[in-house]
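Colleague: I am new to this one and would like a close look at a single part. Which residues are the closest to the centre of the largest pocket?

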Amino acid sequence: MPGPEVEEVKSRLNIVELVGRYVALKPSGQRFKGRCPFHPDDTPSFLVSPDKGLWHCFGCHAGGDAIGFLMKIERLSFPEALTRLAHELGIEMRTVGGEGKAKLLQVNQEAAQYFARELRKLSGKKARDYLLGRGVGEELWERYKLGYAPEGWDGLIRALGRVGLDTLGNLGLAIAGEKGHYDRFRDRVMFTLCDDQGRPVAFAGRSFAGDPKYVNIPNTSLFTKGTLLYGLDLARDAIRQRGRAVLVEGY
Ligand code: ZN
C-alpha cells in the first residue's frame with residue numbers, strides 16, 4: 001500500500017462532486033470556491049482545482065487531494081477513505097483491508113444472496129407473508145437485503161459448501177455441534193447488517209413464533225456488537241442533506 005487503486009480512484013473521481021457534498025462550491029475561473037469546512041470562514045477562502053485534483057484553503061492552509069479531503073472531513077484513516085471511494089466507483093480493492101477480510105465479506109455476500117433466494121421460493125411464503133403483513137413491501141426486500149433461512153439444519157452449509165465450515169463458523173453462520181456443524185439460522189426471517197459502505201458484515205434472524213425472537217451473530221472479525229446502526233448505509237446521504245436523523249429501535 002498504496003496500491004494501483006490509489007491512482008485509479010484519483011483519476012476517476014470527480015473532486016468537485018466529492019467536496020461539493022460538504023461545501024457549497026461556486027465556479028471561479030478554472031476553479032471552484034467555497035467556505036472552508038475546517039475553520040470559521042467568511043471570505044470564502046477554500047479553493048478546489050479539478051484539473052489538478054487538489055483543494056487548498058488560504059485561511060487555515062489545509063489542503064490536499066480528494067482522499068485527503070475525505071479523511072479530514074470524515075475523520076477516516078487512509079485505507080478507510082480509499083476503500084470507501086473505491087467502493088463508490090466500483091473499483092475492486094486488491095491491497096487494502098487484507099485478502100482475509102475481502103474473502104469474508106464475499107462469503108457474507110453469498111450468504112445474503114442465498115437468504116434472498118430462499119425468500120422467493122415456495123417454502124419462503126411464510127416469511128413473505130410476515131414481511132408483507134408488517135408493511136415491508138417487495139420493493140424493500142432487495143434494498144434492505146432481507147431473506148429467509150429455511151427449516152432444516154444445513155441449507156446454508158450445503159449452499160456455500162465450498163467455503164468451508166471453519167469460515168462459516170468464524171462468520172457466525174454455522175455452529176459446531178457434537179454431530180458436526182449446523183446452520184445458526186433456521187426457519188427465520190433474515191436481516192442483513194451492513195457497514196456504512198453497504199457491505200454485509202453480520203446477520204440477524206427473527207422467529208415466527210417462540211423464543212428467542214431474535215438470533216444474532218456473535219462478534220466476528222467483521223462485526224462488533226454495539227458499533228453499527230442498522231440501515232445507516234442507506235440513510236447517510238439523506239441524513240447529511242437534511243441535517244437530522246430519526247433513530248428508532250429494532251430493524
Ligand atoms: Zn480553512
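Modeller: The element names come from DSSP runs numbered from the N terminus, with helices (H or I) of at least four residues and strands (E) of at least two. This is a predicted model, in which local features need pLDDT of at least 70 and side-chain atom pairs pLDDT 80 or more, while totals for chains, interfaces and linings use all residues. Residues are numbered from 1 along each chain as its sequence is written, and side-chain values use heavy atoms, without hydrogens or water.

The chain has 10 helices and 11 strands. Its C-alpha atoms fill a box of roughly 70 × 40 × 30 Å along the principal axes. Of its 251 residues, 40% are buried (under 20% relative accessible area with a 1.4 Å probe, protein chains only; exposed is over 50%, partly exposed in between).

Now the pocket: on a 1 Å grid over the protein atoms alone, a pocket is an open set of points with protein on both sides within 12 Å along at least five of seven lines; in a cavity a 1.4 Å probe fits but cannot get out, and lining residues have an atom within 4 Å of a point. Volume is the space filled by probe spheres set on the points, which are joined across faces, edges and corners.

The largest pocket holds about 1,200 Å³ of space. Its lining counts 36 residues, and Y230, G231, V248, G250 and Y251 are the closest to its centre. Helix α10 (232–242) gives the largest share of the lining, six residues. The elements that supply at least two lining residues each are α10, α6 (125–133) and three strands: β9 (188–194), β10 (200–206) and β11 (214–216).

Some of these names return at the cavity. The whole structure has one cavity of 30 Å³ or more, with a volume of about 60 Å³. R143, Y144, K145, T192, L193, C194, Y230, G231, D233 and L234 line this largest cavity. Two or more of its lining residues come from each of β9 and α10, and here the largest share, three residues, belongs to β9. Y230 and G231 thus appear in the cavity lining and in the list of residues closest to the pocket centre.

One backbone detail concerns the loop that leads from β8 (180–183) to β9, where D187 sits. D187 is not a glycine, yet its phi is positive, near 50°. R75, in the loop between α3 (66–74) and α4 (78–89), likewise has a positive phi, near 55°. R75 counts as exposed, because its relative accessibility is 76%.

Elsewhere in the chain is a zinc ion. C36 (SG), H39 (ND1), C57 (SG) and C60 (SG) are its protein donors, at 2.1 to 2.3 Å; a donor is an N, O or S atom within 2.8 Å of the metal, or 3.2 Å for Na, K and Ca. The four donor atoms make angles of 102 to 117°, and the site is tetrahedral (all angles between 85 and 135 degrees). Along the sequence the donor residues follow the spacing C-x2-H-x17-C-x2-C. H39, in the loop between β2 (31–34) and β3 (46–49), is 21 residues from C60, in the loop between β4 (54–57) and β5 (63–65), and the pair links distant parts of the chain. C60 is partly exposed, because its relative accessible area is 30%.

The loop between β2 and β3 also holds P44. P44 is joined to T43 by a cis peptide bond, with omega about -15°.

How values were computed: Tetrahedral: all angles 85-135°; square planar, octahedral: opposite > 155°, others 65-115°.
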